[in-house]
Amino acid sequence: MDISAANSTQPHPTAVDGADHDTALAKSLFLTREELIRRRLRRVRQLSRFYRDHYWALMEDMRSKYRDYCWNFGKSPFICNNNENGNGNGNGNDVVVDSVGDDIVRCRFSGCKSKAMALTTFCHAHILSDPKQKLYMGCRTVAKNLPTGPSFCNKPVLKSMVPSACATHYDLGTRCLVRALRKSGLGNTFPTNHKTNLKLHVITSEFVRQIQNKRKIAMRETVPKAEIE
């Protein structure tokens, strides 16, 4: 085991507020009442900040675990089960329940064995089959051009997503945009790693350039050519 790596993972000692001032008074035999109160007040305030930060860190951890529990089991752990009332499985709806292990709600889509999302009876892949849901819509990216019309991807994405594209087509559109910027000579304006973070002025300048090129081509087509005798 690397000793340097082990030492780097150890927590660093916390500096006490006003340590320089306390060091200057370390050799004093007596302290005034004001100095004593100031020292205790500094340390109490610092300790209260530590407790406050630790409390909110625990709250964030509890929120994460609560969200994971609701996502896996589709119900809150704080709501009592209705099995004690003799209502069978206690869900009241035609919900597919796993008969082995925990009480896990399965997707109602035919042939799907995935876990259902919270507050619904369908998984994420088949959430569009739920007529009551209002949060998701199909991906509007054209997957195929058929003789009858365009065929959309129709994977579930949130309605608040702009553009309304799934993760696969969003990454594809980002790569196409990066390729277009490289062809226009703007390849040095973004990093070469896989995480593309394009600046707004770069995209705006590229759009303006494409619009100007379209206008130039349209003007050339409208200008009459000189006839040569």
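Reader: Hi! How much surface does the protein expose, and what share of it do carbon and sulfur atoms supply?

Author: Hello! In this predicted model, the protein exposes about 19100 Å². Carbon and sulfur atoms supply 57% of that area.

Reader: And what percentage of the residues count as buried?

Author: Of the 229 residues, 16% count as buried.

Reader: Which residues make a nonpolar patch on the surface?

Author: Leu-47, Phe-50 and Tyr-51 do, and their patch covers about 330 Å². Leu-47 sits in helix H3, which spans residues 33-73. With a relative accessible area of 44%, Leu-47 is partly exposed.

Reader: Thanks! How many helices and strands are there?

Author: There are five helices and six strands. Reading from the N terminus, the order is α-α-α-β-β-β-β-β-β-α-α.

Reader: How much of the contacting is between residues 24 or more positions apart?

Author: Taking contacts with a separation of 6 or more, 24% of them are between residues 24 or more positions apart.

Reader: Let's go inside. Which residues make up the largest nonpolar core?

Author: It has seven residues: Cys-107, Cys-112, Met-117, Phe-122, Cys-123, Ile-127 and Tyr-136. There is also a second, separate core of five residues, among them Cys-153, Val-157, Ala-165 and Cys-166. As a general point, nonpolar side chains in soluble globular proteins tend to be buried together.

Reader: Where is Met-117 found, and is it buried or exposed?

Author: Met-117 lies in the loop between strand S2 (105-106) and strand S3 (136-138). Its relative accessible area is 7%, so Met-117 is buried. Between the C-alpha atoms of Met-117 and Arg-106 there are 8.8 Å, and these two residues are eleven apart along the chain.

Reader: What does Tyr-136 contact, beyond its neighbours within four places in sequence?

Author: Tyr-136 is in contact with Met-117, His-124, Ile-127, Leu-128, Pro-156, Val-157, Leu-158 and Lys-159.

Reader: I see several cysteines in those cores. How many disulfides are there?

Author: The count comes to zero.

Reader: Why is there no bond for Cys-107?

Author: The closest cysteine sulfur to that of Cys-107 belongs to Cys-123, and at 3.7 Å it is too far for a bond, because a disulfide needs the two sulfur atoms within 2.5 Å. Cys-107 is buried, with a relative accessible area of 2%. Cys-139 is in no disulfide either, its nearest cysteine sulfur being that of Cys-166, 3.9 Å away. At 0% relative accessibility, Cys-139 is buried.

Reader: New topic: how many salt bridges does the whole structure have?

Author: A search finds three. One of them joins the side chains of Glu-34 and Arg-38, at 2.9 Å from N to O. In general, side chains of opposite charge can pair when their charged atoms come close.

Reader: How are Glu-34 and Arg-38 placed in helix H3?

Author: They are four residues apart in helix H3, so about one helical turn separates Glu-34 from Arg-38. Arg-38 is partly exposed, at 47% relative accessibility.

Reader: What does Glu-60 pair with?

Author: Glu-60 forms a salt bridge with Arg-63, and their closest N and O atoms are 3.1 Å apart. Both lie in helix H3, three residues from each other, about one turn of the helix. Glu-60 counts as partly exposed at 45%, and Arg-63 is partly exposed at 42%.

Reader: And which residue does Lys-65 meet?

Author: The side chain of Lys-65 meets that of Asp-61 in a salt bridge, 3.8 Å from N to O. This pair also lies in helix H3, four residues apart. Lys-65 is exposed, with a relative accessible area of 55%, while Asp-61 is partly exposed at 37%.

Definitions and conventions
Residues are numbered from 1 along each chain as its sequence is written. This is a predicted model: local features need pLDDT of at least 70, side-chain atom pairs count only at pLDDT 80 or more; totals for chains, interfaces and linings use all residues. Side-chain values use heavy atoms; hydrogens and water are left out. A nonpolar core is a set of buried Ala, Val, Leu, Ile, Met, Phe, Trp, Tyr and Cys residues joined through side-chain atoms within 4.5 Å. Buried means under 20% relative accessible area, exposed over 50%, partly exposed in between (1.4 Å probe, protein chains only). Contact means heavy atoms within 4.5 Å. Helices (H or I, at least four residues) and strands (E, at least two) are DSSP runs, numbered from the N terminus. Accessible areas come from the Shrake-Rupley method with a 1.4 Å probe; for residues, only the protein chains shown count as cover. Patches are made of residues with over 30% relative accessible area and no salt bridge: like charges are joined within 9 Å, nonpolar side chains (Val, Leu, Ile, Met, Phe, Trp, Tyr) within 5 Å. A salt bridge is a side-chain nitrogen of Lys or Arg within 4 Å of a carboxyl oxygen of Asp or Glu.
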